[in-house]
Amino acid sequence: MANESLKILPLGGLGEVGKNMMVLETDEDIVVIDAGVLFPEDDMPGIDIVVPNVEYLVENLDRVRAILITHGHEDHIGALPYVLEALPVPVYAPGMAMALIRNKLRERGRLRDADLITVESGQRFKFGNTLEAEWFDVCHSIPDAMGIALRTPLGMVVHTGDFRLDNDPTIGEPTDFASLAEIASDGVFLLMADSTYAENEGYSGSDREVAQTLHDVIGEAEGRVLVASFASQIARLQMVADAAVAHGRRLAIVGRSMINNLKISRDLGHLNIRDETLISARDALGLPDHRVIYMSTGAQGEPQSALARMAAGTHNDVDIRIGDTVIISATPIPGNETAVGNLINDLVEQGARVITHNTRNVHVHGHAAREELRTIHNLLQPQHFIPIHGEYRMLRAHADLAIEHGVHEDDAHLLVDGDVLRLTEDGGEVIDTVPAGHVFIHGHGVWDEHGNVIVERRLLARDGFVVVILGRDSRGRVVGRPKIVSSGFVHYAEAEVLFEDAVEELVGVLDRESGESLQWSEVEAAVKKTVSRFFTQRTRRRPMIIPVSFDV
Ligand SMILES: [Zn+2]
């Protein structure tokens with residue numbers, strides 16, 4: 001035992017919100033917990049999604065036994081199609097997450113190759129000789145959310161996944177204290193717990209209160225009602241359906257992802273909605289305004305969502321009218337505040353009354369606030385603690401809370417993506433770092449953050465580009481006057497004089513340098529250098545310079 005060690009390597013989700021991925025490693029075996037995406041930010045031009053860097057896992061593929069999934073949110077499963085290409089290992093996931101994973105893999109034609117195992121809470125699975133995992137129910141904003149307890153040579157490791165405590169959720173199980181107490185009965189060596197709301201005092205609140213508020217707000221509305229939430233917020237869907245029935249309205253679900261999730265969760269038995277409550281968005285147009293509720297995605301201000309298109313007047317079936325009540329049943333994920341603000345402005349401009357969590361209690365967080373975290377720390381009393389899922393300040397707040405609850409300062413490990421923490425019976429230290437940066441996906445393209453594509457895109461977004469067109473004769477000499485065109489660089493009115501001056505400068509340089517014929521690479525270098533220097537001096541900008549040649 002004395003020589004045993006356990007390595008903990010976060011590859012995503014520590015120091016950021018999104019793309020969660022945690023690696024747990026013994027000398028013989030490796031398991032990976034979650035494989036999520038991050039949604040791109042403003043400095044990632046054109047990028048669809050960001051996924052974790054799995055180089056380290058690919059290098060150690062012979063020891064990677066499985067990917068273990070906690071729940072079906074995109075920031076926990078969204079990267080699987082990409083990760084499985086590099087790491088063809090089995091995936092273990094609870095029911096709802098597995099149904100969503102299947103859809104994802106089917107869409108990419110990868111379902112047949114995948115080895116997928118659906119887990120139930122309380123089931124145990126062995127991974128190699130050194131690891132055994134058991135999933136336990138937690139309450140979160142999607143059904144079938146679970147945490148994972150891992151028996152390791154050093155003792156019990158508990159990973160909470162995303163969770164909160166709500167003893168009476170409208171859908172799904174409350175966080176399972178009995179199983180947690182059982183799991184903790186021989187002591188917990190290491191706890192890794194959700195830190196998303198570790199800065200918020202108090203409790204995340206109860207679903208039942210939200211259900212009551214939605215019921216009231218929908219009851220007060222005289223015209224149409226439109227509720228926006230997350231596609232995976234199945235409990236919210238049930239609440240809105242119940243309110244629809246109570247107030248004599250029909251429910252129209254708008255948007256592909258929400259319709260898909262409605263089907264999945266009805267198949268899994270998570271929803272209790274009768275067929276006659278539902279109506280298609282198109283058929284709902286024939287109903288009087290006070291007889292219909294629409295529900296859609298778009299609560300984060302996503303520009304392609306159904307709600308954004310309705311607000312912009314570009315949705316095929318539904319527009320926003322004076323007298324509509326729009327309920328935003330979500331809070332903005334950090335980073336989305338501006339987009340949500342713009343969306344609300346658009347909705348109000350179209351004549352809607354907009355209700356948000358700021359005005360009425362129409363949303364509870366899916367993540368534990370401080371009182372709930374205290375409960376978990378008191379129950380599990382871990383020896384070591386790692387705050388997970390959150391930006392650095394959230395992790396710090398959670399580490400401090402753990403120390404208040406008895407974890408020794410040296411055993412509260414504040415890690416960020418890429419750190420390699422080695423734990424032994426004597427303690428723990430960060431012994432190394434591994435690549436854990438962003439990997440960008442756009443269409444079929446996969447790029448590293450240091451690769452040329454992203455660097456060039458940022459440059460293009462900032463200063464635009466300039467193409468310098470040069471005619472060359474059969475011996476490679478530049479002939480005639482170069483021509484310059486640009487995009488995103490200067491105003492048309494300035495361009496003519498500026499480009500003429502640049503050409504003048506360039507001709508001078510080329511005349512001096514190309515008495516003899518030059519290699520194209522030499523011409524290219526001379527053009528880039530000359531034009532770049534000229535434009536920097538004249539405009540204080542650095543456009544990308546692209547020399548092209550044609551034969552004359
Ligand atoms: Zn989640």
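**Strands, sheets and helix pairs**

Ile469 sits across from Lys483, a residue of strand β24. That pairing belongs to a two-strand arrangement in this predicted model, in which β23 (residues 465-472) and β24 (residues 478-487) run antiparallel and are linked by seven bridges. Together β23 and β24 make a hairpin, with five residues separating the two strands. Within the turn, Gly476 shows a positive phi of about 90°.

To place this hairpin in the whole chain, it helps to look at how the protein is split up. Domain 1 covers 6-202 + 365-448, domain 2 covers 207-355, and domain 3 covers 464-551. Going by C-alpha atoms, the centres of domain 1 and domain 3 lie 52 Å apart.

Next come the sheets. As a reminder, strands in a sheet pair through backbone hydrogen bonds, in either a parallel or an antiparallel way. One open sheet is built from three strands in the order β4-β21-β22, and its pairing is antiparallel. At its edges stand β4 (49-52) and β22 (445-448); each has a single partner strand, so one side of each has no neighbour in the sheet. From one strand to the next, the twist of this sheet averages 30°. Strand β4 and strand β21 (residues 438-442) run antiparallel and are joined by four bridges. A handy residue pair to look for here is Pro52, which faces His438 of β21.

Another open sheet has six strands, ordered β8-β9-β10-β11-β12-β18, and this time the pairing is mixed. Its edge strands are β8 (124-127) and β18 (384-388), and each of them pairs on one side only. The twist here averages 20° between one strand and the next. At the β18 end, strand β12 (residues 188-194) and β18 pair in the parallel sense, with five bridges between them. Among the residues involved, Met192 has Ile386 of β18 as its bridge partner. Helix α13 (residues 392-404) packs on this sheet and touches both β12 and β18. The direction of α13 makes about 155° with that of β18.

Helix α13 also has a helix to pack against. In general, a pair of packed helices is described by the angle between their axes and the distance between those axes. For helix α12 (residues 370-380) and α13, the angle is about 45° and the axes are 10 Å apart. That angle makes α12 oblique to α13. The crossing of α12 past α13 is right-handed. On the α12 side, Arg370, Leu373, Arg374 and His377 meet His398, Leu401 and Ala402 on the α13 side. Sorted by class, this contact of α12 with α13 holds three nonpolar, two polar and two charged residues.

A second helix pair is made by helix α6 (residues 207-220) and helix α7 (residues 234-246), which pack at an angle of about 40° with their axes 9 Å apart. The two helices, α6 and α7, are therefore oblique to each other. Their crossing, α6 with α7, is right-handed. From α6, the residues Asp207, Val210, Ala211, Leu214, His215 and Ile218 meet Ala235, Met239, Val240, Ala243 and Ala246 of α7. The contact of α6 with α7 breaks down into nine nonpolar residues, one polar and one charged.

The last pair to pick out is helix α4 (residues 95-107) with helix α8 (residues 256-267), whose axes come within 10 Å and cross at roughly 135°. That makes α4 oblique to α8. The crossing of α4 and α8 is right-handed. From α4, Met96, Ala99, Leu100 and Asn103 take part in the contact, while α8 supplies Asn260, Ile264 and Ser265. By class, the contact of α4 with α8 has four nonpolar and three polar residues, and no charged ones.

Methods:
Residues are numbered from 1 along each chain as its sequence is written. This is a predicted model: local features need pLDDT of at least 70, side-chain atom pairs count only at pLDDT 80 or more; totals for chains, interfaces and linings use all residues. Axes are lines fitted to C-alpha atoms, for helices over the stretch in contact, and angles run from 0 to 180 degrees between N-to-C directions. Angles under 35 degrees count as roughly parallel, over 145 as roughly antiparallel, 65 to 115 as roughly perpendicular and the rest as oblique. A crossing is left-handed if the near helix is turned anticlockwise from the far one by less than a right angle, and right-handed if clockwise. Two residues are in contact if their C-beta atoms, placed from the backbone, lie within 7 Å. Ala, Val, Leu, Ile, Met, Phe, Trp, Tyr, Cys and Pro count as nonpolar, Asp, Glu, Lys and Arg as charged, and the others, Gly among them, as polar. Two strands pair if DSSP finds at least two bridges between them. Domain bounds come from an automatic or database domain assignment.
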